[in-house]
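Hello,

Here is the structure I promised to pass on to you. Please open it alongside this email, and then read on for what turned up in it.

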Amino acid sequence: MFAAERRQLILEMVRANGAVSLRELARVVQTSEVTVRRDVRALEAEGLLDRRHGGAVLPGGFTRESGFPQKSHLATAEKTAIADLAASFVEEGEAIVVGAGTTTQELARRLARVPGLTVVTNSLLVAQALAHANRVEVVMTGGTLRGSNYALVGSGAEQSLQGLRVSRAFLSGSGLTAERGLSTSNMLSASVDRALVQAAAEVVVLADHTKLGTDTMFQTVPTDLITRLVTDEPPVHDDRAATELQALADQGVQIAVAGAESPGGDQVPARRQQRRDVPLPNPRRGQVPGGGPGLRAATVHGEQAPGAERARVADLRRR
């Protein structure tokens, strides 16, 4: 494929989806990420798109929301890894809320195996994933169906959440920055997500690396209310994503990276995902006081690896 053909295809993908990762672009145009990155820079110079952390977005700073068909084919491997790790934080007998999104849908598929679980959701996709789980109770909000993401929104959804209290909220979104927190491109979706947050003692955000540093119109969860971020390992040359992760950690967000490499450099198998936890500087809802600023040791299967986490983030920043 000639450069002009590649760039036209890249531009069409970004226009169709709003945001596309370099990994996905490289896969579709069948070339390396280095070549795709060069193409994206050329298109940015022409004002046709904007570069973001590990990907490209529509020009103008605020990405528009993609529909479910487009989202379901983006960063599928990353979403699967994130969902695997996020499910490990859910305990038997818990009551949680799960927001709408393709990543939370993947999470729901894994929650079907957790006995005694109660899941409150405004997502038809999440409810469908749990419909045949005998040991999981599903509670749906009311509201008006928003067809683009199969979610219930509006005053009916928000009112049904009043007076609710659960242990954790699992949410996704269109973008995540240390400055504004989680955001989305739709006002109704943002309003319901804020209601879900108010019902939870802890907030867990599921966001792949393409959303790090991306800012969209409506703030969903400010950074100081995010307890934990579950994300994937950024690409080797994506130093900006690593910087954003460090900025989130500095503000007290616990970082859990799915598919991260072990301190020795070997890839951690899928069932032995590496958790990178950051202690909060001050007690937060549902948190135990203690721990100083900065990153603490990485935890793999409950074993401490002293200094590994700080070294890992430092290594990502050097890349």
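**Salt bridges**

Let me begin with one pair of side chains: Arg-23 and Glu-78 form a salt bridge, and their closest N and O atoms are 2.6 Å apart. Arg-23 belongs to helix 2 and Glu-78 to helix 5 (residues 76-87), so this pair ties together parts that lie 55 residues apart in sequence. The two partners also sit in unlike surroundings: Arg-23 is partly exposed, with a relative accessible area of 27%, whereas Glu-78 is buried, with a value of 10%. Please keep in mind that you are looking at a predicted model.

As general background, side chains of opposite charge can pair when their charged atoms come close. A search of the whole structure finds twelve salt bridges, and two others are worth a visit.

In one of them, Arg-51 meets Glu-44, with 2.7 Å from N to O. Arg-51 is partly exposed at a relative accessible area of 27%, and Glu-44 is partly exposed too, at 28%.

In the other, the side chains of Arg-109 and Glu-106 come together at 2.4 Å, again N to O. How far apart are Arg-109 and Glu-106 in helix 6? They are three residues apart in that helix (residues 102-111), which means a separation of about one helical turn. Arg-109 is partly exposed, with a relative accessible area of 41%, while Glu-106 is buried at 16%. This pair has company: salt bridges with shared partners join Asp-84, Glu-106, Arg-109 and Arg-110 into one network.

**Helix 2 and the residue after it**

Now back to helix 2, the home of Arg-23. Which residues of helix 2 are buried? They are Leu-22, Glu-24, Leu-25, Ala-26 and Val-29.

Just after helix 2 comes Gln-30, with a positive phi of about 60°. Most residues other than glycine have a negative phi, and that is the reason to stop here: Gln-30 is not a glycine, yet its phi is positive. Gln-30 lies in the loop that runs between helix 2 (22-29) and helix 3 (33-45). Is Gln-30 buried or exposed? Its relative accessible area is 74%, so Gln-30 counts as exposed.

**Tyr-150 and a nonpolar patch**

Tyr-150 is another residue other than glycine with a positive phi, in this case near 55°. You will find Tyr-150 in the loop between strand 7 (144-146) and strand 8 (151-153). Its relative accessibility is 36%, so Tyr-150 counts as partly exposed.

Tyr-150 also takes part in a nonpolar patch on the surface, together with Leu-124, Met-140 and Leu-145. What accessible area do these residues have together? The figure is about 330 Å². Leu-124 is found in helix 7 (residues 124-130), and its relative accessibility of 32% makes Leu-124 partly exposed.

**A sheet of three strands**

Next, have a look at an open sheet of three strands in the order 10-11-13, with antiparallel pairing. The edges are strand 10 (175-177) and strand 13 (218-221), each of which pairs on one side only. From one strand to the next, the twist averages 40°.

How many bridges link strand 11 and strand 13? Strand 11 (residues 181-184) pairs with strand 13 over three bridges, in the antiparallel sense. If you would like a place to start, take Thr-184: its bridge partner in strand 13 is Phe-218. Helix 9 (residues 187-198) lies across strand 11 and strand 13, and runs at about 20° to strand 13.

**The chain as a whole**

Finally, a step back to the full picture. The protein chain contains eleven helices and 17 strands. It has 319 residues, of which 56% count as buried. Among contacts with a separation of 6 or more, 65% are between residues 24 or more positions apart. The accessible surface of the chain comes to about 13700 Å², and carbon and sulfur atoms account for 50% of that.

If you have time for a single stop, I would suggest the salt bridge between Arg-23 and Glu-78, with Gln-30 just after helix 2 as a second one.

Enjoy looking around, and write back with any questions.

Best wishes

Conventions
Residues numbered from 1 in each chain as written. Predicted model: local features only at pLDDT ≥ 70, side-chain atom pairs only at ≥ 80, totals over all residues. Heavy atoms only, no water. Pairing = 2+ DSSP bridges. Helix = DSSP H or I, 4+ residues; strand = E, 2+ residues; numbered from the N terminus. Axes fitted to C-alpha atoms, helices over the stretch in contact; angles between N-to-C directions. Contact = heavy atoms within 4.5 Å. Patch = residues over 30% accessible without salt bridge, like charges linked within 9 Å, V, L, I, M, F, W, Y side chains within 5 Å. Areas by Shrake-Rupley, 256 points an atom, 1.4 Å probe, with all protein chains shown as cover. Salt bridge = Lys/Arg side-chain N within 4 Å of Asp/Glu carboxyl O. Buried < 20%, exposed > 50% of the residue type's maximum accessible area, 1.4 Å probe, protein only.
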